[in-house]
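Could you walk me through this protein in my viewer, one selection at a time? I would like to know what to pick next and what I will find there.

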Amino acid sequence: MYFNALLPGDISGPAGMPDRVVDLFDVEKLAEQWLKCSYPGAVGCEVVPAAYIGGVDRTVIGDVVVDGDLSEWGSARWIPINVLYYDEGARDINTSNTKFAVKWQKDNDNAYSSAGTLYVAVQVEDGNHVFTADSADWNSSDRVEVYVKGDQWATGTYYDFAKAQQYIVGIKPSMADIWSVLGPSATPGPVPASANFQAAASVSGALLNYEMAIRVFDSYDTTGAASILSQLRGSQSIGVDVVVDSKDFTTYDFVMYSANGVTGKAADAGAIALHKLESGCLVSDINQNFKVDFSDFALMAADWLKSL
Ligand SMILES: [Ca+2]
Ligand SMILES: [Ca+2]
Ligand SMILES: [Ca+2]
Ligand SMILES: [Ca+2]
């Protein structure tokens, strides 16, 4: 595997950094952090600062509810969406108030790595709302597109769900419901149930608030039969990208913005921006369940005196 090339138990070394050997330096670090915890918000737990701008923060259980209310995202690292991606002249987006944030969660907090979910929040300030009952034409309404690839190396291959997935979400005219489709954007279809995709949105004045839960796949098969869920852990990179689309009904113009302006995301998984998954965990917390204890010691013991 490319993500976890180092030994799980190699958390330190003579210089205080992993050194590809599991020995007494690693036990010393584990002892130093023994029974400490870093569970976000818990009393007495050490807070490990996020070190990576543009990274994806670890959530805790119950942290994100997919309901279109973004109030639980206040402290998230928001990424501005302010670079023109496609331009037919619409100017109804206020890019200074348009942004997205991502969090992640493992399914199994006691495993070294585990299948998991990304939570994505998108806020768009759009002064001129155009909502449709379904996805209709690609440039017919206000909507957001989210791209995810679990395998950070996936590139090329036009419209290949096995490489990456493009989810498109729009608000219905009633504003009480959303539609969602799985790309490609030229011929989108309903999101298969096997994707376990969730989305919700809300409208508050000019602000459109979208919220999604997205399973992370190394390879996705629309039948579900051959899908491979990514095994996630902190410090690995995955692809996450957001494009905001807007229709202006006064001019019938259309515009798209992204965070990075790298075009062709629907056509090439290599154009999807990478983000590092942050663990928020102490280095001795090898299984990244926010606490340093015997489960971590067991993982270190399994690698005892191994070297790479
Ligand atoms: Ca070591
Ligand atoms: Ca929410
Ligand atoms: Ca609009
Ligand atoms: Ca642990």
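Start by selecting strand S4 (residues 99–106) and S5 (residues 116–125): in this predicted model, S4 and S5 pair in the antiparallel sense over eight bridges. To see one pairing up close, pick valine 102, whose bridge partner in S5 is valine 120. Now add strand S11 (residues 207–215), which pairs with S5 in the antiparallel sense over nine bridges. Here alanine 121 is a good one to label, as its bridge partner in S11 is glutamate 211. While S5 is selected, check its surroundings: nine of its ten residues are buried, leaving the strand mostly covered.

Next, keep S5 on screen and bring up the nonpolar core. The largest one holds 56 residues, and Val120, Val242 and Val244 touch the most other members. Strand S5 gives this core its largest share, six residues. Centre the view on valine 244 and leave aside its neighbours within four places in sequence; the contacts that remain are Ile81, Ile93, Thr98, Val122, Val124, Val144, Met256 and Tyr257. There is another core apart from this one, made of ten residues, including Leu30, Cys281, Leu282 and Phe290.

Now move to strand S7 (residues 165–171). Is this strand enclosed or open? Seven of its seven residues are buried, so S7 is largely enclosed by the rest of the structure. In a regular strand the side chains alternate between the two faces of the sheet. Colour the two sides of S7 separately and you will find Gln165, Tyr167, Val169 and Ile171 on one, with Gln166, Ile168 and Gly170 on the other, all of them buried.

Show the strands that pair with S7 as well. Strand S6 (residues 143–149) runs antiparallel to S7, with six bridges, and strand S8 (residues 178–182) is joined to S7 by five bridges, also antiparallel. Tyrosine 167 makes a handy anchor: it is the bridge partner of valine 146, and its own bridge partner in S8 is leucine 182. Then follow the hairpin of S7 and S8 through the six residues between the strands, and stop at methionine 175, which takes a positive phi near 65 degrees.

For a change of scenery, select helix H1 (residues 24–32). Its buried residues are Asp26, Lys29 and Leu30. Look down the axis of H1 and these fall within an arc of 100 degrees, so they line one face of the helix. That buried set packs against H2. Turn to the face directed away from the buried side and you meet the exposed residues Leu24, Glu28 and Ala31.

Just before H2 (294–302), pick asparagine 289, in the loop that links strand S16 (274–276) to this helix. Why does asparagine 289 count as buried? It has 22 C-beta neighbours inside 10 Å, and the cut-off for a buried residue is 20 or more. Beyond residues up to four places away in sequence, asparagine 289 touches Asp109 and Asn110. Try a distance to valine 48 too: the two C-alpha atoms are 13 Å apart, although 241 residues separate them along the chain.

Finally, zoom out and colour by domain: the assignment gives domain 1 (1–48 + 280–308) and domain 2 (50–279). Their C-alpha centres lie 32 Å apart. Where they meet, 14 residues of domain 1 are in contact with 14 residues of domain 2. On the domain 1 side, those residues divide into eight nonpolar, six polar and no charged.

Terms used:
Residues numbered from 1 in each chain as written. Chains lettered and ligands numbered in written order. Predicted model: local features only at pLDDT ≥ 70, side-chain atom pairs only at ≥ 80, totals over all residues. Domains from an automatic or database assignment. Contact = placed C-beta atoms within 7 Å. Nonpolar A, V, L, I, M, F, W, Y, C, P; charged D, E, K, R; others polar. Buried ≥ 20, exposed ≤ 12 C-beta atoms within 10 Å, placed from the backbone. Helix = DSSP H or I, 4+ residues; strand = E, 2+ residues; numbered from the N terminus. Pairing = 2+ DSSP bridges. Core = buried A, V, L, I, M, F, W, Y, C linked by C-beta atoms within 7 Å. Arc of directions from axis to C-beta.
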